[in-house]
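The following exercises concern a structure of which the sequence and coordinates are at hand. Please attempt each task before reading its solution.

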Amino acid sequence: MLQAITLILLCQLAGEITVQMLDLPFPGPVLGMLLLFVGLMVRGEIPDGLKQVSDFLLRHLALLFVPAGVGLMAHFGLVARDWMPILAALVVSTALALVVTMAILSALIRFRSRSDE
Amino acid sequence: MNEEFIDIWAFLAASPLLWLTMTLVVFLASLWLNRRLGGSMVLHPVLLSMALLMGILLLTGTDYDTYFDGAQFIHFMLGPATVALAIPLFEFRHEIRKLLFPLLIAGMTGACVAAASAVMMATVLGADRVTLLSLAPKSVTSPIAMGIAEKIGGLPSLTAALVLLTGAIGCMLSPLLIRLMGIEDDRVKGFAMGLSAHGFGTAQAFGISATAGAFAGLGLSLAGIMTAFLLPGVLPWLPGLSS
């Protein structure tokens, strides 16, 4: 358990350092995830403790957004200024992104399973 | 008695313990309440917690910085949780590899649609330029989105707020759209939710199934990485932003 937590933090740390040094446009934890993924591929299996820690973290993922979410409070003024275009843009674009992604992916999956037969 | 209470409150309100505990208590209460009310997504536990905590902070006259001093311990776990997404990705690596090409095509199109439609819609409705630039990266997980906004000349703090709203809206819309489109494949549901509603969508997808969660993690990473690389190049061609 302790080793697993240390491993995850080490991956994140290595990610952060690399991102800073190479001035990459995405955050350290994303690179840390890639590092851990490559490590797992090399090892070929997930160590027991690591599975437990990741299950715990991901099962409660929603909670982790609450502190940042409350920060919306600090932006009431900014959002209030353009609230109508903002809300319309967010609702329409999020709906479109969901629909387009689901439509394309299920069409491609269907196409593939048909060509496999 | 009253004075004593004020003293204790003054001590507690300034300590990280109170707001850390309060966040957990409010979240657990929201989960319970959401379940009692039939699990409606309009009352998503995260949204409910946010609203309740904002209310508590406003009522007690506590500013966000004081709150965050305590809540940052929870916020910090976002980094390790992102790293931990490697585990479901690894567990589902065979399924992902089988669908690599469809996932890349759907992911790239979805990410472009999310950014372009948001900017165009807001342009038509007359939002100002800074709002537009802050709006473009909104479908991406907040640390990436804030970095992009800074790079293209938007307001990172406004982007952070828009990212959160997008996540919340995605959580409310996705069950409805999934039902309307008759999608039954958890891989498709999860991938679209992670791609269009980042961590919020991913959290919700883990509630559907482990498969949906793994594909949501993939959608989240793909949207983040692609938007980070593509958006700065694509943006000048969008109407309303050509300078």
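Four exercises with worked solutions follow.

This is a predicted model, in which local features need pLDDT of at least 70, side-chain atom pairs count only at pLDDT 80 or more, and totals for chains, interfaces and linings use all residues. Residues are numbered from 1 along each chain as its sequence is written, while chains are lettered from A and ligands numbered from 1 in the order in which they are written.

**Exercise 1. Describe the secondary structure and overall dimensions of chain A.**

Step 1. Assign the elements as DSSP runs numbered from the N terminus (helices: H or I, at least four residues; strands: E, at least two). Chain A then has six helices and zero strands.

Step 2. Compare the radius of gyration, taken over C-alpha atoms, with the globule rule of 2.2 Å times the number of residues to the power 0.38. For 117 residues a compact globule would have a value near 13 Å, but chain A has 20 Å. The C-alpha trace of chain A spans about 50 × 50 × 30 Å along its principal axes.

Step 3. Determine burial from C-beta atoms placed from the backbone: a residue is buried if 20 or more others lie within 10 Å of its own, exposed if 12 or fewer, and partly exposed in between. Of the 117 residues in chain A, 38% are buried.

**Exercise 2. Carry out the corresponding analysis for chain B and examine His198(B).**

Step 1. The secondary structure of chain B consists of 13 helices and zero strands.

Step 2. With 243 residues, a compact globule would have a radius of gyration near 18 Å, and the 20 Å of chain B agrees with this. The principal-axis spans of its C-alpha trace are about 65 × 45 × 30 Å.

Step 3. Buried residues account for 51% of the 243 residues in chain B.

Step 4. His198(B) lies in helix α12 (residues 186–208) of chain B. Although not a glycine, His198(B) has a positive phi of about 35 degrees. His198(B) counts as buried because it has 29 C-beta neighbours inside 10 Å.

**Exercise 3. Characterise the packing of helix α2 (residues 16–36) against helix α3 (residues 45–60) in chain B.**

Step 1. Fit axes to C-alpha atoms, for helices over the stretch in contact, with angles running from 0 to 180 degrees between N-to-C directions. The two axes come within 9 Å and cross at roughly 130 degrees.

Step 2. Angles under 35 degrees count as roughly parallel, over 145 as roughly antiparallel, 65 to 115 as roughly perpendicular and the rest as oblique. The crossing angle therefore makes α2(B) oblique to α3(B).

Step 3. Identify the residues in contact (C-beta atoms, placed from the backbone, within 7 Å). Those of α2(B) include Met22(B), Val26(B) and Phe27(B), and those of α3(B) include Leu48(B), Leu52(B) and Ile56(B).

Step 4. Classify the residues: Ala, Val, Leu, Ile, Met, Phe, Trp, Tyr, Cys and Pro count as nonpolar, Asp, Glu, Lys and Arg as charged, and the others, Gly among them, as polar. The contact of α2(B) with α3(B) comprises ten nonpolar, four polar and no charged residues.

**Exercise 4. Which helix of chain A supplies the largest share of the side that touches chain B?**

Step 1. Count the participants: the contact takes 64 residues from chain A and 87 residues from chain B.

Step 2. Locate the contributing elements: α1 (2–22), α2 (28–43), α3 (48–59), α4 (66–70), α5 (76–81) and α6 (83–116) of chain A each supply at least two residues. The largest share, 24 residues, comes from α6(A).

Step 3. By class, the side of chain A that touches chain B has 50 nonpolar, ten polar and four charged residues.

Terms used
Two residues are in contact if their C-beta atoms, placed from the backbone, lie within 7 Å.
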